[in-house]
Amino acid sequence: MDKQEILKKYFGYDQFRSGQEVLIDSILAGRDVLGIMPTGAGKSLCYQVPALMMDGITLVISPLISLMKDQVGALNQAGIHAAFLNSSLTVSQYYKALSYARAGRYPIIYVAPERLLSEEFLDFADHVKISMVAVDEAHCVSQWGQDFRPSYLKITEFVSRLRERPVVSAFTATATREVRDDIIRILKLREPKVLTTGFDRPNLYFGVASPRDRYGAVRDYLDAHPGASGIVYCLTRKQVEEVCGKLQRDGFPAVRYHAGLSDGERKKNQDDFIYDRAQIMVATNAFGMGIDKSNVRFVIHYNMPKNMESYYQEAGRAGRDGEPAECILLYGGQDVITNQLFIENNQDNIELDPETRQLVMERDRERLRKMTFYCFTRDCLREYILRYFGEYGSCSCGNCSNCLTNFETVDMTEAAKAITGCVAASGQRYGVNVILDTVHGSAGAKIRQYRMGENPWYGSLKEMPVYRLRQVMNELQLRGFLTVTNDGYAVVKLGEQAIALQAGEVKVEMKLAREEPRGEKKKEVRKKKKAGALTEAEEELFERLRALRMEIAKEEKVPPYIVFSDKTLMNMCAARPRTREEMLAVSGVGEFKFRKYGERFLRAVMET
Ligand code: ADP
Ligand code: ZN
């Protein structure tokens, strides 16, 4: 069979995605490869397809038991014999799997890196032909990344002990140069074909909002998207408890996940989410590594995360199946301060020498600043993300909250002068709220106590709503007119640019959302988009197919998205196949899956 036939027969797809073919061809030509592709781009196929065409065994090294289980489950559903060898097996299961493997039953075997140098495994490797070693999540070899795994360093020694050197292929979603160079060097890849696909994920919508009632915003979103599966990320365990508790009381199928829960509860909640028994996962960033669930339709950040790397990784768990999905960041004023505290108290850096520790902290603060800018920028959010990762987009993607909002440029120079003037006249001693209350002309207790009524700028901006004043305050920080100290108590000080502003040498122009038509327009645009996706009749069929998928998933004991992805179900809704041939023509329906449960899906389509 050639690669095209394998793609169709086992995976049910008609075409390779960009990048996949190049990597597959290189592997088949006997060349090492390094594939750098974002989450959801389809890395697994790049080694699975050639694995089925080469005459020996492909070993896949993967860091997490859950990932291996998922992948092997998916391969078995597609009719491909695969197995995993890791610590989740009992001793007798392990030896049984190993003996089947010796007998040549599995073209693909997933193995934990810790196992590689064990005696039994080396002996096994000596007695079979290993045609490829594929390293998944290859950035785990690098100490630069956040996911360094010392056991990954064993891979190189394992490869060097084999009688015949196999092709070594490596895959990761981490793009930085240091990590890439580390992978090539440490895994000793030989003149690898390196392929980097773009980091853009066009099916993801990006939004930023700063609602007064954050919980209410989440609830409204969930109300508007019934049945959709998604993650709500919070910054602290306490917040996870709070948000999850409220959602459950409001009748939403939500579960929680953070490092403070027992192993048992974490596992149960994670499984409930993966198997679609609970649609909503409320979690800290402890949740997600190794989650392959393809039908995550939204990722809401209840707080601003610590940096763009974390944000893109977490948000990127949405829409792995390529269907539209939404990534929404709800920003609150307190988030910067909470993150700053995390940086100051970061226990991971405790054993570093003071100088390095200082450097790491500086770097983390800088990253936090870039993250904050993301929340305030009025430019295309996708463009901001791509630029951060060293790529360039189109400046206006048409699928982010900024591109869909109507902005106008407003001259805020006078307000800026008043705020900086107020900071200067009060001796650079007070925090954001005192300054804003002063220019707004508040008569609160603090203002009286600090005698801010005597400040020459007192009440000078009383006409301007407080939320607007906050926006100006943020802009002034972003552009260096003001800085806010963070040694315990946040005090506003004049920044480098303040003098030029006071001297009237610079103007402060801000892009602000147009007040009136904005909400209307936005809703309209978004509604149109949705309507284009599924008609009402298709929606009904989709629900029916989704229920059938759940039924089959239970019988097969695999997560529903492994039976068919959301995208495949959508394709069925659009195509409404009535015969075997028509069903097999639907993208995502392979022969093996058709034989197993194709008829049942055909019947559901015809009856709806
Ligand atoms: P990654 O490991 O890069 O995050 P996966 O290998 O999990 O991505 O693939 C993501 C999704 O894309 C899976 O549902 C997979 O079946 C699907 N996919 C992969 N290649 C193709 C293709 N050529 N055509 C259609 N869908 C594909
Ligand atoms: Zn955009």
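How are H22 and H26 oriented to each other?

**Entry 1, scope.** I worked from a predicted model, in which local features need pLDDT of at least 70, side-chain atom pairs count only at pLDDT 80 or more, and totals for chains, interfaces and linings use all residues. Residues are numbered from 1 along each chain as its sequence is written, chains are lettered from A and ligands numbered from 1 in the order written, and side-chain values use heavy atoms, without hydrogens and water.

**Entry 2, H22 and H26.** I looked up the axes (lines fitted to C-alpha atoms over the stretch in contact, with angles from 0 to 180 degrees between N-to-C directions) of H22 (residues 536-556) and H26 (residues 591-607), and found that they come within 10 Å and cross at roughly 155°. The two helices (DSSP runs of H or I, at least four residues) are therefore roughly antiparallel to each other, a term for angles over 145 degrees. I noted the contact residues (heavy atoms within 4.5 Å), including Leu-541 and Leu-545 of H22 and Tyr-597 and Phe-601 of H26. By class, I found eight nonpolar, no polar and eight charged residues in this contact.

**Entry 3, H2 and H3.** I recorded an angle of about 35° between H2 (residues 20-28) and H3 (residues 43-53), with the axes 9 Å apart. Their contact involves, among others, Leu-23 and Ile-27 of H2 and Val-49 and Met-53 of H3. I found nine nonpolar, one polar and no charged residues there.

**Entry 4, ligand 1.** I checked oxygen atoms of ligand 1 and found one 2.6 Å from a polar side-chain atom of Tyr-13. A backbone N or O atom of Gly-42 lies 3.0 Å from a ligand 1 oxygen atom, and a polar backbone atom of Lys-43 is 2.9 Å from an oxygen atom of ligand 1.

Terms used: Parallel < 35°, antiparallel > 145°, perpendicular 65-115°, else oblique. Nonpolar A, V, L, I, M, F, W, Y, C, P; charged D, E, K, R; others polar. Polar contact = N/O pair within 3.5 Å; in protein donor to acceptor, adjacent residues only side chain to side chain.
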